[in-house]
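Let's take a friendly walk through a structure with more than one part. Please have a look at it first, and then read on.

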Amino acid sequence: MKKVLFIAFTLLMTASAVSVSAQNKDRRKSFNSWDNYEITTEKVGVDGTKFVKVWGYGRTVDKAVMAAKENAVHACIFRGLPGNASAMSTPPICPNPDTLVSHEDYFQNFFAAGGPYLAYVNMTTDGVPSGTDCRKVKGGYKVAIYVQVMYDNLKHKLEADGIARKLSSGF
Amino acid sequence: MKKSLIMAALLLACSVSGWSQAKKPTIMVVPSEAFCTRNGFTQQVTTTGAVSVAPDYARAMRENSDIRTLVSAMGDFMAKNDFPIQSLEQELKRLQTEDAELAMMTGKSGGEINETPLERLRRTAKADIILDLDYEIHRNGPRKQVSFNLQAIDAYSSKLISGNTGLSSDANVPMTTLLEECVLSFKDNFLSGLQHYFDDLFANGREVSVTLLCYDNCPIDFEEEFEINGEPYELAEIIEAWMADNTVEGRFTTAAKSANRLRFNQVRIPLYAQNMNGRDVAIDAEAFARPLIRMLKKKPYSLVVGSSPRGLGEVWITIGDK
């Protein structure tokens with residue numbers, strides 16, 4: 001009887017361990033996924049810019065802030081920005097879902113640490129995010145920053161580099 | 001030798017890219033009819049005895065400074081995208097001056113410029129893409145809010161290319177600030193809609209309309225039968241077969257078919273064709289229809305055929321007279 005109970009207990013523990021491990025794996029996956037971030041348009045930015053609130057994950061607050069900046073530029077290029085009550089949604093500069101794969105080398109370099117993407121992000125909040133904008137999560141921090149993305153400059157750069165199509169191309 | 005070959009290849013590439021520029025559609029911002037009616041910018045127009053109310057664009061542009069602000073802001077971002085828009089205000093002024101000059105113009109021997117009533121009617125402000133603009137100001141005490149509606153319409157197919165509606169923020173600021181905010185709000189969405197339209201144009205050809213009309217002095221109509229390969233076919237059928245052979249992937253719709261009138265819409269034409277010297281050139285609806293006109297002039301049809309373009313995307317072909 002004891003033996004049966006012991007086997008059942010062992011099986012139960014193994015199953016729950018496997019389940020927890022799978023959950024951790026899923027969390028790690030979503031933690032590392034580039035598509036896992038939230039971004040909202042705050043208001044209509046001044047001409048040629050987008051004013052957004054964007055979240056980023058990182059082991060430290062600084063790394064999370066850098067990730068948030070990357071996410072802001074990534075959203076403008078590949079995902080688009082959602083609208084709100086007074087600002088219409090903004091379509092992505094590269095609406096073709098294959099652009100990232102077909103120009104992988106270009107974007108590896110563009111989004112490298114200290115890469116060209118930084119020229120298109122202006123921080124609009126001073127200092128380290130605090131309060132509800134800085135959350136401790138398992139494995140690091142999740143922070144939100146308010147940034148101004150130089151959308152038109154970014155678009156012109158990608159057009160000049162042959163990544164995005166110009167409105168007047170072909171005419 | 002290698003160097004000269006490379007140079008020749010480069011020159012060829014340059015010349016090919018020079019030929020392969022499609023005709024750029026013209027874009028014009030026009031206040032919507034609803035806006036003109038709401039704000040009293042209307043005029044009575046008498047056409048063939050019938051009186052109707054039409055928008056008075058010249059007065060709207062002259063008396064409403066907000067429209068000018070919106071047009072300037074839109075003109076600015078379109079110019080930044082290498083797509084300058086035509087100014088409705090300037091076009092109307094140009095037509096006025098043209099009218100005055102044509103009335104005064106005489107040749108050295110006293111000859112006057114000929115203009116048929118139809119030519120005069122067609123000499124109006126027009127563009128290939130119309131940006132139909134409407135906005136309304138909502139007041140809530142000292143605070144103002146602007147609701148806007150901008151539609152980009154293909155002037156020939158009357159299809160909506162891009163539609164944008166929205167609200168500005170609710171604030172106690174000058175009207176100009178709210179209007180500029182509106183333009184900045186819809187700008188990128190609007191440009192994306194245009195880009196999508198142009199991408200479709202390059203992939204599937206330009207969408208045009210072709211109308212064939214029969215004058216009453218024409219000896220035949222579109223139901224007249226001709227023998228092709230020993231089989232009798234109606235002229236309308238023969239023209240439909242020509243359309244199927246010459247459109248992009250045979251795409252067209254026969255919208256109207258009768259003894260005296262044939263109308264094809266959703267006609268997808270290639271952007272380029274060879275001209276009489278065998279050179280690739282960008283074409284519009286009239287250039288697309290020229291081979292059909294030549295075919296109808298030849299035997300066994302031997303018809304008198306005229307053509308009349310209505311902008312880049314529509315052509316009227318008349319048989320029996322020019």
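Within chain B, nine residues of domain 1 are in contact with 12 residues of domain 2; being in contact means that C-beta atoms, placed from the backbone, lie within 7 Å. This is a predicted model, in which local features need pLDDT of at least 70 and side-chain atom pairs count only at pLDDT 80 or more, while totals for chains, interfaces and linings use all residues. Residues are numbered from 1 along each chain as its sequence is written, and chains are lettered from A and ligands numbered from 1 in the order in which they are written.

The domain bounds, from an automatic or database assignment, put 23–88 + 122–203 of chain B in domain 1 and 205–319 in domain 2. Taken over C-alpha atoms, the centres of these two domains of chain B are 34 Å apart.

Chains A and B also touch: 16 residues from chain A and 23 residues from chain B take part. Here are the residue classes on two touching sides. Ala, Val, Leu, Ile, Met, Phe, Trp, Tyr, Cys and Pro count as nonpolar, Asp, Glu, Lys and Arg as charged, and the others, Gly among them, as polar.

| Side | Nonpolar | Polar | Charged |
|---|---|---|---|
| Chain A, touching chain B | seven residues | five residues | four residues |
| Domain 1 of chain B, touching domain 2 of chain B | five residues | one residue | three residues |

Chain A has five helices and five strands. These are DSSP runs, numbered from the N terminus: helices are H or I with at least four residues, and strands are E with at least two. Along the sequence, the pattern of chain A reads α-β-β-α-α-α-β-β-β-α.

Conventions. Two residues are in contact if their C-beta atoms, placed from the backbone, lie within 7 Å.
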